[in-house]
Amino acid sequence: MQDIVIIGAGVVGSFLAHDLSKYDLKVTVIDKENDIANGTTMANSAIIHTGYDPEDGTLKSELNVKGAKMYPEICKELKIDYQKCGAYVVACDKEEIKILDQLKNRADKRNIRAHYMEREEIVKNEVNISDDVIKAISFPDTAIIYPWQCAIALMEEAVINGVDLILGEKVYKIDEKQGFFTVYTEKKAINTKVIINAAGCGAEKIANMIEKSPFHIVYKKGEYFVLSKQANKFVNHIIYPVPTKVGKGVLAVPTTHGNILLGPNSNICESEDLSTTSEGLEYVRNHLNRIVKNIPYHEVIRSYSGLRPTGNNGDFYIKPSYKNKNIIHLGCIDSPGLASAPAISAYVIQEYIKKCLDLLPKRKYVKRKAPPVMNQLCEKEKNDMVKTQPLYGKIVCKCEKISYQEIVDAIHSPCGAKTIKAIKKRVRPGMGKCQGGFCEIEVAKILSKELNIPLAQVLYDEKHSNLGTEAK
């Protein structure tokens, strides 16, 4: 019997697993994907919004402001990337300046640092700002993180402290018994006292296994370009247009690793469609021109899309089931879900879990040890690492300067990487300009050796994505 089953291993599910692992509880996390943070967490803008955008009186506004303030300490403890790069919301005409005024008023009421900037000051800091921009608001506390690095670090620490993680198994049925539930996956039946439905885009489907879902999710697809590190000086801050009812708009966003993201658009999908389209990417191009110029499209190394589980009520849906208070639904966690995630976890535990279970802190809690990142070390530190283990000196990915041993470490870490994409998320081979053209097969060979499976059975990502068939 488990105390809690969390369905979903995105950033919200990972925060919940991490925070609940500090208590004397039996916790299991289930996700249909082959890795942590493979859905919305994998493909978003990676921004920790400060909280000026959500409407007054919403759960989004409350949890966004709280969550953003929690991230610096969390990232410091987990030893993961966090950069306060700041953001400019730019206006191109008088009507848009009125929207800036609304945002400034909200920021002031919520004690969020913000100040106006005239064009002359904007251009000093952002030489590629569009000629149409006449005014902006600066939000200096806006930050960027590496979202799946955050989720993986949280889940690793949770697993070290006793949380069971089940990946690659889809929940297909939930039965309510006398005083507990049984959650059925393709391979297991798990009894539990409490269920937390944190399934992201799949949260409505999970809710419908219990009752008629009290919320409705609309899939919104956003498409992006990724610029190489050679374009890392294109923008220094996150550049937003003024927001609309559709969303925050098409942005230019620095990343923690020196790339630039351009996007997204926002299209409603009928299914979980992750394709990119010429129409969608053309939309991104056209709308970028309103906020920036001299866009170095010759440095595009990748395009991708992500889905946001947008709700029909304009707010997060975080409530117990109508049928049973021991089922908590986390639905419609779209933007600013990433920025709100630590506060969502704290809110769920305080408002709902404490009313279902006795929460006794563990006497012993083990902190995760962050893996070494060779390309961030000084020469002496690198030499010391190579003396300890020579394979830290064997470079597999020349673009990102990733060593053989770093890949091995990722495979054998808690929540170890079992696919090419999982290695890419943890250690970054294939994230550089060649996009894995040279190193991907080498990564596959290392996986084959360390997992003791034939090379043809190595998966890129999901089931049946293996590299090929074995020779007869």
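**Cores, a sheet and a surface patch**

Guide: In the largest nonpolar core, which has 60 residues, those touching the most other members are Ile 4, Ile 6, Tyr 71, Ile 196, Ile 318, Leu 330 and Ile 353. Helix α8 (residues 337-356) gives the most to this core, with eleven residues. This is a predicted model, in which local features need pLDDT of at least 70 and side-chain atom pairs pLDDT 80 or more, whereas totals for chains, interfaces and linings use all residues. Residues are numbered from 1 along each chain as its sequence is written, and side-chain values use heavy atoms, without hydrogens and water.

Visitor: What makes a set of residues a nonpolar core?

Guide: The term stands for Ala, Val, Leu, Ile, Met, Phe, Trp, Tyr and Cys residues that are buried and joined through side-chain atoms within 4.5 Å. A second, separate core of 27 residues includes Ala 43, Ala 91, Ala 107 and Tyr 304.

Visitor: Why is Leu 467 called partly exposed?

Guide: Its relative accessibility is 41%, and the term covers values between buried (under 20% relative accessible area) and exposed (over 50%), with a 1.4 Å probe and protein chains only; Leu 467 therefore counts as partly exposed. Leu 467 lies in the segment after α12 (440-451).

Visitor: Why are β3 and β4 said to stand at the edges?

Guide: The open sheet has three strands in the order β3-β8-β4, with antiparallel pairing. β3 (47-48) and β4 (82-83) each have a single partner strand, so one side of each is left without a neighbour in the sheet.

Visitor: How do you know that β3 pairs with β8?

Guide: Pairing requires that DSSP finds at least two bridges between the strands, and two bridges join β3 to β8 (residues 143-145).

Methods: Helix = DSSP H or I, 4+ residues; strand = E, 2+ residues; numbered from the N terminus.
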